[in-house]
Amino acid sequence: MTKVLIVEDHASMRESLTMALSGAGDFQVVGEVPNADYALDFCERLRPDLVLMDVQMPVMDGYTATQKIRALDDPARAKLPILAMTANAFDEDRRNALESGMNGFLSKPIVIGDLVQELRKIL
């Protein structure tokens, strides 16, 4: 079972992703957080296998959070697979996500089949 942390500022999106992943079989959502500032702490405490990271959030954006995760002292946590989620679907947005250290990229609205396929690809 793959443990997933969802980092997303919209409660309805967190709920939708949780429901979709629970129906997809191999995934267990171990945490949902409303902003990236919480992501670092939850990565340490919950030890997820991957993170779904919204890019545009208040307090701290997903790019910055990813860079901070990559800088963690724990090598296993620093290499944690992170999938970017954003409403922006331009090549520049995809490039920014990958350059910040994210492993994959999905544009919103999220299509569940595409999400599951991308998660399996980065695992």
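Where is Lys-108 found in this chain? Read on to point 3 for the loop around Lys-108; here are my notes, starting with the whole chain.

1. **Ground rules.** This is a predicted model, in which local features need pLDDT of at least 70 and side-chain atom pairs count only at pLDDT 80 or more, while totals for chains, interfaces and linings use all residues. Residues are numbered from 1 along each chain as its sequence is written, and side-chain values use heavy atoms, with hydrogens and water left out.

2. **Overall build.** The protein chain has six helices and five strands, where helices (H or I, at least four residues) and strands (E, at least two) are DSSP runs numbered from the N terminus. Reading from the N terminus, the order is β-α-β-α-β-α-α-β-α-β-α. The C-alpha trace spans about 35 × 30 × 25 Å along its principal axes. The radius of gyration is 13 Å, which agrees with the value near 14 Å that a compact globule of 123 residues would have; that radius is taken over C-alpha atoms, and the globule rule is 2.2 Å times the number of residues to the power 0.38. Of the contacts (heavy atoms within 4.5 Å) with a separation of 6 or more, 63% are between residues 24 or more positions apart.

3. **The Lys-108 loop.** Back to the opening question: Lys-108 is found in the loop between S5 and H6. Pro-109 has its place in that loop too, between strand S5 (104-107) and helix H6 (112-122). The peptide bond from Lys-108 to Pro-109 is cis, with omega near 5°. Most peptide bonds are trans, so this is one to look at on screen. The side chain of Lys-108 makes a polar contact of 2.8 Å with that of Glu-8. By a polar contact I mean a pair of N or O atoms within 3.5 Å; within protein, one must be able to donate a hydrogen and the other to accept it, and residues adjacent in sequence count only if both atoms are side-chain atoms. Not counting residues up to four places away in sequence, Lys-108 touches Glu-8, Met-13, Asp-54, Met-85, Thr-86 and Ala-87.

4. **Two positive phi values.** Most residues other than glycine have a negative phi. Arg-47 has a phi near 50°, a positive value in a residue other than glycine, and Val-59, not a glycine either, has a positive phi of about 75°. Arg-47 lies in the loop between helix H2 (36-46) and strand S3 (50-54), whereas Val-59 lies in the loop between S3 and helix H3 (62-70). How do they stand for accessibility? Arg-47 counts as partly exposed at 33% relative accessibility, while Val-59 is exposed, with a relative accessible area of 66%. The cut-offs are under 20% relative accessible area for buried, over 50% for exposed, and partly exposed in between (1.4 Å probe, protein chains only).

5. **Asn-35 and its surroundings.** Asn-35 sits in the loop between S2 and H2 and counts as buried, at 11% relative accessibility. A polar atom of the Asn-35 side chain lies 2.9 Å from the backbone nitrogen of Asp-37. Setting aside residues up to four places away in sequence, Asn-35 touches Val-7, Met-57, Pro-58 and Val-59. That last name is the Val-59 with the positive phi from point 4.

6. **Strand S2: Glu-32 and Val-29.** Glu-32 is found in strand S2 (residues 27-33), and Val-29 lies in S2 as well. Glu-32 is partly exposed at 35% relative accessibility; Val-29 is partly exposed with a relative accessible area of 21%. Which residue shares a polar contact of 2.5 Å with the side chain of Glu-32? The partner is the side chain of Thr-18. Beyond neighbours within four places in sequence, Glu-32 is in contact with Leu-5, Ile-6, Arg-14, Glu-15 and Thr-18, and the C-alpha atoms of Glu-32 and Arg-14 are separated by 6.6 Å, with their positions 18 residues apart along the chain. On the same basis, Val-29 is in contact with Val-4, Ile-6, Thr-18 and Leu-21.

7. **Burial.** Across the 123 residues of the protein chain, 46% are buried.
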